[in-house]
Each structure stands twice: as C-alpha cells, then as structure tokens.
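Let's take a walk through this protein together, one feature at a time. Have the sequence and the 3D view open side by side as you read.

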Amino acid sequence: MSDVTLPIKTLSIVERWDCTSCGQCCRGAIIPLDGADLQRLRSQQWDKHPDYRGVKTIVRQGVFPRRYRLAQRDDGRCVFLTEQGRCRIHEEFGLAAKPLVCRMYPLQLVPLDDVALLTVRRSCPTAAADQGRELLAHREAVRQFVRERPQLAQTVLPPAISGNARRSWQDTRLVTGTLERLLTDSQYPLVRRMVHGLRFCDLLAQCRVVKQDRQQWSELVTLLAEGVRQEVADLFRERVAPGKAASVLFRQTVAEYLRLHPRFAVQPSWRERLRLASAALSFARGKGPVPRLHDSFPDGTFEAIEQRKLGHLGAELQQPLQRYFETVASSHQYAVLSRRGWSLIDKFRALAVAYPVALWMVRYFCGDRAPEADEIIDIITAIDRGQGWGPLVGRQHLRRVSQLAGLGELERLVIWYAR
C-alpha cells in the first residue's frame, strides 16, 4: 500500500444523498471500531451512565488480530439507538464523538491506483432512491474523514483477475472498465447487460491471464468484449429454467440475502438458530411453503414464486435497481472493497447472482400485485448489505458461485428470473 493520499473524484453517474435520520443504518449493521473509536467511546464512560450500567456497549471479535465492534440489542438494533430513532452518542456528545463508520456512512471511498472514487452505499434508503444533494456537496466532509484515517484514500493492491493470477492496476482497470461499459450500456435492458458481463468473464476465465504483454492484453480484452453481444443472443430466444443443482445453490443464496432484509430482526437464541437451520433445509428442498423468516414476511410457496412472471415494471420501479448495479460497477466497489481474497471474475459473478436474487424477492414479497417503490428500496438494501456480510463473502458462497459458473447456469439464472 502507498502512503500517498489519492485525489477524490465522484462518478460520472450523478449520485445524490442526504441523511433523513431514518435510523435504518443503526439496525442489523455491524459497526467495526478502530483504536481512535475505542478511545473516544471509553472516554465517554458509558459504563457509569445510569441507562447503561451493566449494558455491554462494545463487543470483542477475534483474537489475532483483536477487533471490536459496537454492541447490539437482542433485535439487532445498535445499543446506542434510542426508542425515538436517534443516536445516544450524538445526543450526549455530538456528531464528532461517534465512530467514524457511523459518521461517514453511506459515503464510501473506493481507492484505485490514481484516484479514490466517492460513491454511496445504497443500503441507505435515501441513497438508493437518489434523494438529496449531489455527492460533490459532501466532498469536503469526506476530506476531513480522510485526514482522520488516511488509509481510506490510499491505493491498495489490485484484485487477482482469475484464480491467483494478478496483473498491474492499469491492466486490471482494462477489465473493470470493460465490465463497467457493459453494465451501463443503455441500449440494452439490465438483464442483457448482466449476461454480457457474465459471458465476458467466462471467456476471460479461459485465457492465460499472465502470459500476454500489455499490448496483447489490451487487444485480448477488447476482442472478448466485442464478441459477447452476439454470443448470448440465442439465450434470450428461449428462456430455460435452471437445472436442479443450480436451483438448490440459488435458493441457498436467496435464504442468506433474506436475512439482510430490513424487516428481518435477529433473535439470538438456540431456538432461533434451530428455526433458521430448519428453514435452510426447506430452501434447499424448494418445495411447499416458503419458511417465514420473520412474522412480517408474507406467506407463499416455492412453486408459485417459480411460476410467477414479473410483468412490466415501470421506470420508477426499475430505476433504483438499475442504478444500484450501474453505480456498483462504475465505482469498482465490488472489485476493490467487497469479498477480499476473491478473484475479480468471481466477484463480478457474485454481483450478478444478486440480480436474480433481487427479482426472486420481488416475486416473494409482492405476489401477484405490482411492487411499491419502498419494497424495491428494501430489496436493494438487502443485496447491498450482502457485499460485506460474512456468509456471502466467505468460502462457502465462493464455492456456490464457482459451482454455478462450472455448471454453466449463471446466465440462465439471470435470464430466467428476469422474465
């Protein structure tokens, strides 16, 4: 890693955000704490506060290295979130006393080789709906965050492209730039763009990544990208349901994402763990009633969800989901900040799997009626949270994604659930 702080730049896609104090970021989110955060919290002496005596406010995670996070209530709320939906730290000591992650969210910096891209996490409802001021208006605040934690805007190693094969940042950005162009190509619907990206990754995975010199690499990436549009045309003429093995892997992924839905509340008990284990078996089986992971979730059957067609979604409903994938690709979030240790190709495949997951959720939560805008925003929250959630960034999910790719079913899944 370089010690040089990179210049901060916003995306070519105009993003908007302002905090509306909805408190959603304080529910179900893991807030990591660095040394400065810990020092500030300890100096606030919450252990002596009458409302927090005997209440754990900081939780230790791991041993080597020793890490800490903010504690949560039994329902997943931050221990400092009040019944009125406000932050107790903010109320008592002011904004600057909060952990840096809390102050910065949903603003996010993505460090590349020569620039740090400023974007937003769309698990924030206001960010997902593109409401508020343009991100340029927040750039000075972000510079202050960088002064506190310079590593936010310092370049990191580029991800391996395939397996452990790594190239320079310049060569890696040829690939991420190509995937960005494919995923933001407005002459095609989002489903078609996603399949173009997947086919490009499939073709690239078959190449010897480290054998070409820079000129050969540039020519190879360009050639592969030019061919994908024609290669996938036949897949859209007859949409075929995914095979049995792929369906099991997909439903297991859906079950993980459902636990990130804003309506889901964690209940830390053995009874709850047994219930979730039973639900996981039902999702693998994929027959009969869908287990209701939360009381607010609807009733439904796996069979009905598979048979249900989405119908026409108006621009108001399509745009937030489309903007999510466009901005994640343009900001390189999926490539740099998510799923550390995964190859770039596998990272994009995991991002692509989130698309049919989102469309499965639309079928599940909305049934035969048209979805509402707030329901789409909740689904975007779930898939965005998946970028950093343990079960969806670890080895087990990597195996699922790799198996789906090995079966040749990723493109079929995307096309099937977009019908």
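Two strands count as paired when DSSP finds at least two bridges between them. With that in mind, look for I8, which stands opposite A116 in β7. Strand β7 covers residues 116–120 and is joined to β1 by three bridges, with the two strands running parallel.

Before going further, a word on confidence. What you are looking at is a predicted model. Its pLDDT averages 92, and 98% of the residues score at least 70. Confidence is highest in β7, at 97, and lowest in helix α9 (residues 233–237), where the mean is 85.

Back to the strands. As a reminder, strands of a sheet pair through backbone hydrogen bonds, either parallel or antiparallel. The sheet here is open and mixed, with three strands in the order β1-β7-β6. Its edges are β1 (8–10) and β6 (107–111), each of which pairs on one side only. From one strand to the next, the twist averages 35°.

On the other side of β7, the partner is β6, and these two strands pair in the antiparallel sense over five bridges. Within that pairing, L109 stands opposite L118 in β7. The two strands form a hairpin, with four residues between them.

Is β6 buried or exposed, edge strand though it is? Five of its five residues are buried, so the strand is largely enclosed by the rest of the structure. Both of its faces are covered: L107, L109 and P111 are buried on one side, and Q108 and V110 on the other.

Now for the aromatic residues. A search of the whole structure turns up 14 aromatic pairs. One of them joins F283 and F302, whose ring centres are 5.3 Å apart; with the planes at 85°, above the 60 degrees that edge-to-face requires, the pair is edge-to-face. F283 belongs to helix α11 (residues 270–285) and F302 to helix α12 (residues 302–307), so their contact ties together parts that are 19 residues apart in sequence. Are these two rings buried or exposed? F283 has a relative accessibility of 1% and therefore counts as buried; F302, at 3%, is buried as well.

Another pair, Y364 and F365, has a tilted arrangement, with 4.9 Å from centre to centre and 55° between the planes. Y364 is buried, with a relative accessible area of 3%, and F365 is buried too, at 7%. Step back and you can see a wider group: ring pairs link F283, F297, F302, W360, Y364 and F365 into a cluster.

Some rings also have a charge for company. The charged end of R42 sits over the ring of Y68, 5.7 Å from its centre. In a similar way, R339 lies over the face of W342, at 5.4 Å from the ring centre.

Our last stop is helix α16 (residues 373–385). Its 13 residues reach 19 Å from the first C-alpha to the last, close to the 18 Å expected at 1.5 Å a residue. How many of its 13 residues are buried? Eleven are, leaving the helix mostly covered. Among the buried residues are the isoleucines I376, I377, I379, I380 and I383. The buried set also includes E375, D378, D384 and R385, along with T381 and A382.

Methods
Residues numbered from 1 in each chain as written. Predicted model: local features only at pLDDT ≥ 70, side-chain atom pairs only at ≥ 80, totals over all residues. Heavy atoms only, no water. Axes fitted to C-alpha atoms, helices over the stretch in contact; angles between N-to-C directions. pLDDT = per-residue confidence, 0-100. Phe/Tyr/Trp six-rings, centres within 6.5 Å; stacked < 30°, edge-to-face > 60°. Buried < 20%, exposed > 50% of the residue type's maximum accessible area, 1.4 Å probe, protein only. Lys NZ or Arg CZ within 6 Å of the ring centre and 35° of its normal. Expected span 1.5 Å × (residues − 1).
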